[in-house]
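Let's walk through this protein together, beginning with how far the model can be trusted and then turning to its details. Please keep the sequence and the 3D view at hand as you read.

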Amino acid sequence: MTLTAPATSPSLHRRRGRWIDDWRPEDPEFWESTGAPIAKRNLLWSIFAEHLGFSVWLIWSVSSAFLLAQGFTFTPQQLFFLVAIPNLVGALIRVPYTLAVGRFGGRNWTMISAGLLLVPTLSFAYFVTQPGTPYAVFCVIAATAGFGGGNFASSMANINFFYPARLKGAALGLNAAGGNLGVAIIQLFLPVLVGGAGIFGLVKAAEGGIHLERAAWVYAALAVVAVLAAFFFMDNLSNARTDTKQQLSVLRHKHTWVLSFLYIGTFGSFIGYSAAMPLLIKLNFWHQASPQVPGIGINFAYYAFLGALVGSVTRPLGGHLADRFGGARVTLVAFTGLVLGTLGILGTLSMLTPIPAAAGAPQTAAVDANADVFPLFLGVFLVIFACTGIGNGSTYKMIPAIHRTDAVLATAADTPERELALLDGTKKSSAAVGIIGAVGAIGGFLIPITFNSPWVSEPLAATRSAFTVFAVFYVGCLAVTWTVYCRRGRTYADAGI
């Protein structure tokens, strides 16, 4: 194994960084003696960088709920749009981020993508301290937070090359879960960092007002740490290099689009619900007439992080179950749970009372009545998050399994053609990971926008209509999964993907 490019390889000689030219994870002897420790080290620091990316990506999901206390006067519609913008940008840039791994190397691109996180964090730190900042400026800053969303695609594409097929589900699940946890961490600790809330009373909320810029400075510093960690501890794989045309060939594979549709239902739901949950709790279970008046009801800062936490920790479980039982079967169960969970949420929403705008006894009575329903609402919502996490892990397991099945069916066993086809399948599956991740992440934009339905002015009614739409969509995902991947007689169903 060579960690630096040999002089006889000009294509690598032009690049700086640590390159591994001999990488054979499917060779048991190589994997046990050499491959596993290197793969684990790269996985560890990939998780760290991706974790920060997710935190920055979703920083607006919770900070938007504090902007009013910071002195800004934005409407609920404007706040939901601020939450949605990073998700749209994060989805769109996932394709170029994925292609960048094959062009620059996984380690090199991790350094670049982590460094780009300084743009949204430093700009956030400055402008939230300027009460006169126009709303349009915040929209631009929120858009740059989408850089963090691209980190997921490049990280997953990179780690896909490091692990053998039998471990891809678990490895990709752990990598994604570590990144997804960034959502829960930012939603849990940002209120503490900025002085807006304690942690279930264990940490007392700070006095002296809200300071959103503190969280941005912390994540800017951590982004620098991620750049240095990638520089010193990660590697580039020579066999991961590929040209853009070869990577984009996956666009012609129909299952790229089928899985993209399903991934909107799993990951799109996870990121969309994570982004919207703080505002959903604030609008339906809490009321505060002004920053100077104590609020009444359920404080979102104590609970908003739980959904992202559950969705994150169940993702590797989905990958593990997919390794054992097949990704399609586990995905089918996940969508069944999403259908039932969404119907359960609609049931709890029918118990809620709209909170009157005017202060007084009716407003207090509505808030108190809704607070009694909140434990049931939260419990059902956490079941939905668990299903999104399991579905995320199982769907991503299906991607390399499909391309590996294509390679196996097209070649004879124990031949050079089979080995080349498997390598090509790995490259295509890494590209597909980015494409599918990009399309799936669009759900993170669509869900907050659906909650902010322009034709429904009252927040509770908008929430009900949104979950009705989601329930119908999950039924469609369930039907597609069964028809394409689970019904007997289908190529991939018989292959047990």
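What pLDDT does the protein average, and what share of the residues score at least 70? This is a predicted model, and its average pLDDT is 85, with 89% of the residues scoring at least 70. Confidence varies along the chain: the lowest mean, 36, belongs to helix α1 (residues 10–13), while helix α16 (residues 327–349) has the highest, at 96.

Two stretches call for care as you look around. Over residues 1–15 the pLDDT stays under 50, and the model has 25 contacts for this stretch beyond four places in sequence. Residues 199–207 also stay under 50, here with 14 contacts beyond four places in sequence. Where pLDDT is low, the predicted coordinates should not be read in detail. You may see those contacts on screen, then, but please take them lightly.

Now to helix α17, which spans residues 361–410. A good place to stop along this helix is Ser394. Is Ser394 buried or exposed? Its relative accessibility is 0%, so Ser394 counts as buried. Around Ser394, leaving aside neighbours within four places in sequence, the contacts are Gly318, Gly319, Ala322, Gly327, Val330 and Thr331.

Stay with helix α17 and look for Lys397, which forms a salt bridge with Asp323; their closest N and O atoms are 3.1 Å apart. This pair ties together distant parts of the chain, since Asp323 sits in helix α15 and Lys397 in helix α17, 74 residues apart. How do the two partners compare in burial? Lys397, at 14% relative accessibility, falls under the 20% cut-off and so counts as buried. Asp323 has a relative accessibility of 27%, so this partner counts as partly exposed.

By the same rule the count of salt bridges comes to six, so let's visit some others. In helix α18, Lys428 and Asp424 lie four residues apart, about one turn of the helix. Their side chains meet in a salt bridge, at 3.3 Å from N to O. Both ends are partly exposed: Lys428 has 27% relative accessibility, and Asp424 has 26%. Elsewhere, salt bridges that share partners join Arg18, Arg41 and Asp235 into one network. Another pair to find is Asp22 with Arg24, whose closest N and O atoms are 2.8 Å apart. Here again each partner is partly exposed, Asp22 at 27% and Arg24 at 34%.

Our last stop is an open space in the model. Rolling a probe the size of a water molecule over the atoms shows where empty space is left. The second largest pocket holds about 730 Å³ of space. Which residues are the closest to its centre? Of the 32 residues lining this pocket, they are Glu26, Arg404, Leu422, Leu423 and Thr426.

Several helices contribute to that lining. Those giving two or more residues are α9 (147–162), α15 (315–325), α17 (361–410) and α18 (416–441). You have already met three of them through the salt bridges: α15 and α17 hold Asp323 and Lys397, and α18 holds Lys428 and Asp424. In character, the lining residues divide into 14 nonpolar, nine polar and nine charged.

Conventions: Residues numbered from 1 in each chain as written. Predicted model: local features only at pLDDT ≥ 70, side-chain atom pairs only at ≥ 80, totals over all residues. Heavy atoms only, no water. 1 Å grid on protein atoms, 1.4 Å probe; cavity = no way out; pocket = protein on both sides within 12 Å on 5 of 7 lines; lining within 4 Å. Points joined across faces, edges and corners; volume = space filled by probe spheres on them. Nonpolar A, V, L, I, M, F, W, Y, C, P; charged D, E, K, R; others polar. Salt bridge = Lys/Arg side-chain N within 4 Å of Asp/Glu carboxyl O. Buried < 20%, exposed > 50% of the residue type's maximum accessible area, 1.4 Å probe, protein only. pLDDT = per-residue confidence, 0-100. Contact = heavy atoms within 4.5 Å.
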